[in-house]
Amino acid sequence: MLNIFSEAWQALLNFFGPLALVLVVGLVVALTYVQINALFLVWLERKVAGHIQLRIGPKEVGPFGVLQTIVDGVKLLSKELITPRPASWLLFVLSPILVFMPVLVPFVVLPFGENLQIRDLNVGLMLIFAFAGLNVLAILMGGWASNNKYALLGAVRSVAQNVAYEIPLLLSAMSVVIMANSLSLRAIVEAQQGLWFVFVQPVAAVLYLVGATAETNRAPFDIPEAESELVAGFHTEYSGMRFGLFFLAEYTNMFIVASVATTLFFGGWRGPIADGPWWFLAKVYLLIFGVIWVRWTFPRLRFDQLMNLAWKYLIPIALVNLLATALILKLVR
Amino acid sequence: MPPHLLSDYLFVLVFLLVGLVFAIAPVLLAAIITPRGVGLKRLTTYESGMAPIGQAWIQFGVSYYLFALIFLAFDVDVLYLFPVLVAYGSFPWRDLVGIALFVGILSLAIVYAWCKGVFEW
């Protein structure tokens with residue numbers, strides 16, 4: 001048995017060379033990291049929420065309750081998968097799979113450190129935004145296929161919101177691209193030698209963070225799943241592991257948008273001393289902590305406020321910011 | 001296509017396929033090991049405890065379709081900016097004028113929607 005494996009491995013190595021090694025190691029690390037990140041973030045979210053509301057949060061399972069999420073995961077795995085009879089079966093089943101499928105792809109290009117990047121694609125940033133777009137499709141599929149009024153309303157709202165906030169997100173990323181003259185994430189980090197883009201582009205950084213919070217459907221932009229009015233929004237009908245997949249994808253997406261923010265605006269793996277992946281991870285989790293903090297502090301926006309904020313303020317500001325950047329670049333260079 | 005681009009896309013493809021496998025696996029496992037409940041009521045859609053009234057697949061006014069239209073006019077065109085921005089700075093002033101014209105015409109979509117009262121609720 002082992003022989004077959006080693007022979008297949010040799011064939012792979014001969015065919016692709018060291019690339020295969022990078023591919024396999026990268027895959028294993030990315031897969032492990034997605035799981036650990038989700039376990040940690042769910043725990044962090046509950047702990048932070050607890051302390052903000054003057055509770056202590058999970059504390060029974062493991063030290064400080066860190067193992068709570070694992071137990072919850074096992075529970076989710078053992079719950080019945082219910083497909084409602086009126087639902088459209090195929091789309092209903094496919095939706096959680098489609099929502100999780102693309103979350104691994106951004107790990108190909110995320111630059112954790114100077115040499116800790118699986119593959120430096122020259123279209124890295126585009127790749128991440130392109131695969132993030134699949135999320136909306138999956139939510140609409142799941143919400144519509146459920147044949148549930150709450151789910152449908154949640155899905156429709158989600159599409160309107162994600163579509164509106166994707167534009168300021170793209171435009172603020174563009175004002176970084178115009179300065180770095182590259183879509184490769186490594187080149188963008190290297191362009192921030194000395195000065196992080198957050199100090200050059202503070203407006204774009206704020207726009208990006210607002211847009212990213214809305215893209216991940218988190219409060220104050222969590223109108224697609226607004227618990228107090230829509231039960232659970234688009235995933236009302238999902239139970240057990242299918243719901244778990246939505247959850248896993250959501251927390252991985254949080255990590256991805258925070259990583260992109262770190263890369264675009266906060267200097268990636270660079271720090272005052274000792275550049276390395278520790279800086280990258282520290283910045284990412286600091287940003288995520290901020291997002292969690294915002295969620296448990298601010299109330300939900302009303303829908304008209306939500307749409308008007310994007311179309312009347314964020315998008316015009318982002319457009320002006322992009323043009324101003326282009327003009328200043330001409331004057332300076 | 002140069003070979004290194006081919007292996008770039010091989011990475012993306014493999015990650016996507018593995019993502020697919022790891023999305024299917026837990027659902028499949030759950031489908032095998034989880035208990036099956038009895039009774040038809042559990043297969044109805046959830047409506048906060050009441051018996052569902054009709055279906056969700058009915059005609060209703062989605063007031064967001066106008067936003068979808070502006071988005072189509074906007075976001076798809078914004079994508080064309082990416083290649084321009086990557087090459088930005090290789091011409092003296094021409095690229096700035098180009099971008100200003102392009103973005104100016106694009107923002108007319110918002111101005112138009114604003115004047116038509118799409119943003120009034």
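Colleague: How many residues of domain 1 of chain A are in contact with domain 2 of chain A, and how many does domain 2 give?
Modeller: This is a predicted model. Chain A is divided into domain 1 (1-78) and domain 2 (88-332). Their centres, taken over C-alpha atoms, are separated by 21 Å. The contact joins 16 residues of domain 1 of chain A to 18 residues of domain 2 of chain A.

Colleague: Which element gives the largest share of the side of domain 1 that touches domain 2 in chain A?
Modeller: The elements giving two or more residues to that side of domain 1 of chain A are α2 (18-52) and α3 (68-77). By class, that side has 12 nonpolar, 3 polar and 1 charged residues. The largest share, 13 residues, comes from α2(A).

Colleague: Where does the largest nonpolar core lie with respect to domain 1 and domain 2 of chain A?
Modeller: The largest nonpolar core has 127 residues. Helix α6 (residues 149-180) of chain A gives the most to this core, with 22 residues. Because domain 1 (1-78) and domain 2 (88-332) of chain A both give residues to the core, it lies between them.

Colleague: Which residues touch the most other members of the largest nonpolar core?
Modeller: Leaving aside neighbours within four places in sequence, A:Ala261 is in contact with A:Leu209, A:Ala212, A:Phe266 and A:Leu287, among others. A:Tyr208 is also one of the contacts of A:Ala261. The residues that touch the most other members of this core are A:Tyr208 and A:Ala261.

Colleague: Is α11(A) largely enclosed or largely open?
Modeller: Helix α11 (residues 240-265) of chain A has 26 residues and reaches 38 Å from its first C-alpha to its last, close to the 38 Å expected. Just after α11(A), A:Gly267 takes a positive phi of about 75°. Of the 26 residues of α11(A), 25 are buried, so the helix is, with respect to the rest of the structure, largely enclosed.

Colleague: What phi does A:Asn147 take, just after α5(A)?
Modeller: Helix α5 (residues 124-145) of chain A has 22 residues and reaches 33 Å from its first C-alpha to its last, close to the 32 Å expected. A:Asn147 lies in the loop between α5 and α6 of chain A. Most residues other than glycine have a negative phi. For A:Asn147, a residue other than glycine, phi is positive, near 55°.

Colleague: Why does A:Asn217 count as buried?
Modeller: A:Asn217 is placed in the loop between α9 (202-215) and α10 (227-230) of chain A. Although not a glycine, A:Asn217 has a positive phi of about 55°. A residue is buried if 20 or more other C-beta atoms lie within 10 Å of its own. A:Asn217 counts as buried because its C-beta neighbours inside 10 Å number 24.

Colleague: Which element gives the largest share of the side of chain B that touches chain A?
Modeller: The contact takes 56 residues from chain B and 69 residues from chain A. On the side of chain B, at least two residues each come from α1 (3-33), α2 (65-78), α3 (81-86) and α4 (94-116). The residues on that side of chain B divide into 41 nonpolar, 10 polar and 5 charged. The largest share, 19 residues, comes from α1(B).

Colleague: What ipTM does the model score?
Modeller: Chain B averages a pLDDT of 80, and 97% of the residues score at least 70. The model scores pTM 0.88 and ipTM 0.83.

Definitions and conventions: Residues numbered from 1 in each chain as written. Chains lettered and ligands numbered in written order. Predicted model: local features only at pLDDT ≥ 70, side-chain atom pairs only at ≥ 80, totals over all residues. Domains from an automatic or database assignment. Contact = placed C-beta atoms within 7 Å. Helix = DSSP H or I, 4+ residues; strand = E, 2+ residues; numbered from the N terminus. Nonpolar A, V, L, I, M, F, W, Y, C, P; charged D, E, K, R; others polar. pLDDT = per-residue confidence, 0-100. Core = buried A, V, L, I, M, F, W, Y, C linked by C-beta atoms within 7 Å. Buried ≥ 20, exposed ≤ 12 C-beta atoms within 10 Å, placed from the backbone. Expected span 1.5 Å × (residues − 1).
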